[in-house]
Amino acid sequence: MSAVSIKSGFDFKDPDIWQRGVPHDQIADIRRNTPVYWNEEANGPGFWAVLRFEDIHEVSRNPSVFSSATANGGHRIFNENEVGLTGAGSEELGIPFISMDPPVHQKRRLLLVPGLSSARLKEMTGRIEARARTLIEAIPADEPFDWVESVSAPYPLMTLVELLNVAPEDWKKLYHWTNAFIGEDDPEFRASPEDMTARLGEFGAYMSWLYEARRRDPGADIASALANAETDGKPASFQQFVADMILVTVGGNETVRNSISNGLIAFADHPDQWRAFCENPDIRAGAVQEIVRYVSPVLHMRRTATEDTRIGGTKIRKGDKVVLWYVSGNRDETVFEAPDTFDVRRANVRHLGFGTGQHVCIGQRVAELQLRIIFSEMARRFSGFELAEAPQRLRSNFINGLKSLMLVAKGRT
Ligand code: HEM
């Protein structure tokens with residue numbers, strides 16, 4: 001292995017690092033010195049941490065050399081073919097399309113397109129606005145309040161239940177299940193193997209009901225599209241349905257939730273940027289891109305090399321694990337001017353927060369819509385934010401997450 005040794009000793013996989021808060025300075029230092037960095041693993045073969053914007057882009061657009069397939073390890077930092085899709089070990093799930101390569105990947109991905117089309121989003125916009133307004137109106141001004149519980153968590157899940165056409169109150173169930181699915185390193189979200197088995201069982205029972213219901217009586221929603229699809233002439237199996245539903249329910253809420261929470265911290269830290277956002281409705285679409293760039297709600301995705309190759313100047317061997325750290329690429333100073341500056345007026349922010357290439361986020365438009373609406377609702381009521389307590393951060397190397405965010409929102413006088 002032409003490995004570069006861990007001179008700094010930094011371990012990208014260590015969830016404690018991320019729980020303390022993203023160490024941007026340290027990452028920038030490593031990116032400048034070893035942009036493709038060999039990361040030893042205590043219980044694994046090690047992986048290449050890809051840190052530069054352009055390298056992440058190149059790897060992502062080349063799925064035949066850099067595979068997402070479960071058979072090669074999948075899209076998570078752990079090996080899905082050894083410990084399962086959620087790392088729980090014992091699950092019997094199918095393979096979600098995020099862990100597939102072309103051509104099957106594209107076929108399953110396309111199933112979601114009608115349910116997330118611009119016509120569909122246009123039709124939903126008024127209801128998303130109404131929900132945003134109700135949630136923001138319920139926040140008391142000028143006193144500490146937990147924004148994760150009251151806004152960041154329910155809001156995207158309420159959109160998701162509409163996209164799935166299930167009962168509005170079911171968002172709470174999805175919240176607990178998806179937290180367990182992404183929370184393998186956080187003792188609060190993944191309390192024990194038994195607890196995880198119970199969560200998977202509850203999710204499985206709910207999905208069994210949904211699968212049967214949508215096969216009997218299909219609609220225009222995403223769950224119907226996944227339950228009734230055929231791939232190569234064969235109907236989707238229940239296992240396939242469950243795996244894709246895990247992907248959609250995790251992808252559709254953990255990400256938007258943490259863009260809102262971390263975006264609020266960015267605005268609390270930069271009152272001038274909040275003023276600019278409030279005073280200039282025409283910059284808000286761009287500001288949303290800047291929030292996702294600055295925050296990087298998904299810290300990384302993984303690929304596996306299918307042949308000997310190179311990334312930049314670094315030799316990569318067939319079978320090597322390659323981890324794309326969006327959180328680093330989004331602060332690459334060779335692409336972004338003053339990358340550590342939060343600037344809601346930044347022009348044409350072409351960032352990696354939604355990934356890029358073959359698997360680029362299919363929920364990007366609905367995510368952007370929701371973020372623009374919720375921050376615009378906040379702008380109507382609040383003149384600024386102050387942190388009331390240190391935020392409680394998720395212990396995860398995957399999601400840049402907050403479990404609680406006590407903020408004081410200053411009411412407009
Ligand atoms: C700010 C919000 C969001 C962020 C930061 C985000 C981030 C990402 C990233 C980085 C990927 C790329 C995966 C890869 O290359 O391996 C991805 C894929 C995906 N996202 Fe999102 N996402 C967001 C919102 C959403 C929403 C709202 C949905 C669904 C309603 C969604 C569903 C998906 C799905 C299904 C994929 C897999 C695409 C594929 O494999 O072809 N995401 N997302």
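Welcome to this structure: one open sheet here is built from 3 strands in the order 4-14-11, paired antiparallel. Its edge strands are strand 4 (144-146) and strand 11 (382-387), each of which pairs on one side only. On average, and ignoring direction, neighbouring strands of this sheet are turned by 40° against each other. Please keep in mind that the model is predicted.

**More on the open sheet**
- Strand 11 and strand 14 (residues 406-411) run antiparallel and are joined by 5 bridges.
- If you would like a place to look, leucine 387 has leucine 407 in strand 14 as its bridge partner.

**Strand 10 and its partners**
- With strand 2 (residues 47-50), strand 10 pairs in the parallel sense over 3 bridges.
- Here valine 50 has leucine 324 of strand 10 as its bridge partner.
- With strand 7 (residues 300-305), the pairing of strand 10 is antiparallel and covers 5 bridges.
- In this pairing, histidine 300 is matched with tryptophan 325 of strand 10 as its bridge partner.

**How strand 10 sits in the structure**
- Strand 10 (residues 321-325) is largely enclosed by the rest of the structure, because 5 of its 5 residues are buried.
- In a regular strand, side chains alternate between the two faces of the sheet.
- In strand 10, Lys321, Val323 and Trp325 point one way, while Val322 and Leu324 point the other way.

**The iron site**
- The iron atom of the ligand has a single donor from the protein, the SG atom of Cys361, at 2.3 Å.
- You can find cysteine 361 in the loop between helix 16 (326-329) and helix 17 (364-381).

Key. Residues are numbered from 1 along each chain as its sequence is written. This is a predicted model: local features need pLDDT of at least 70, side-chain atom pairs count only at pLDDT 80 or more; totals for chains, interfaces and linings use all residues. Side-chain values use heavy atoms; hydrogens and water are left out. Buried means under 20% relative accessible area, exposed over 50%, partly exposed in between (1.4 Å probe, protein chains only). Helices (H or I, at least four residues) and strands (E, at least two) are DSSP runs, numbered from the N terminus. Two strands pair if DSSP finds at least two bridges between them. Donors are N, O and S atoms within 2.8 Å of the metal (3.2 Å for Na, K and Ca); water is not among the atoms, so sites may look incomplete. Axes are lines fitted to C-alpha atoms, for helices over the stretch in contact, and angles run from 0 to 180 degrees between N-to-C directions.
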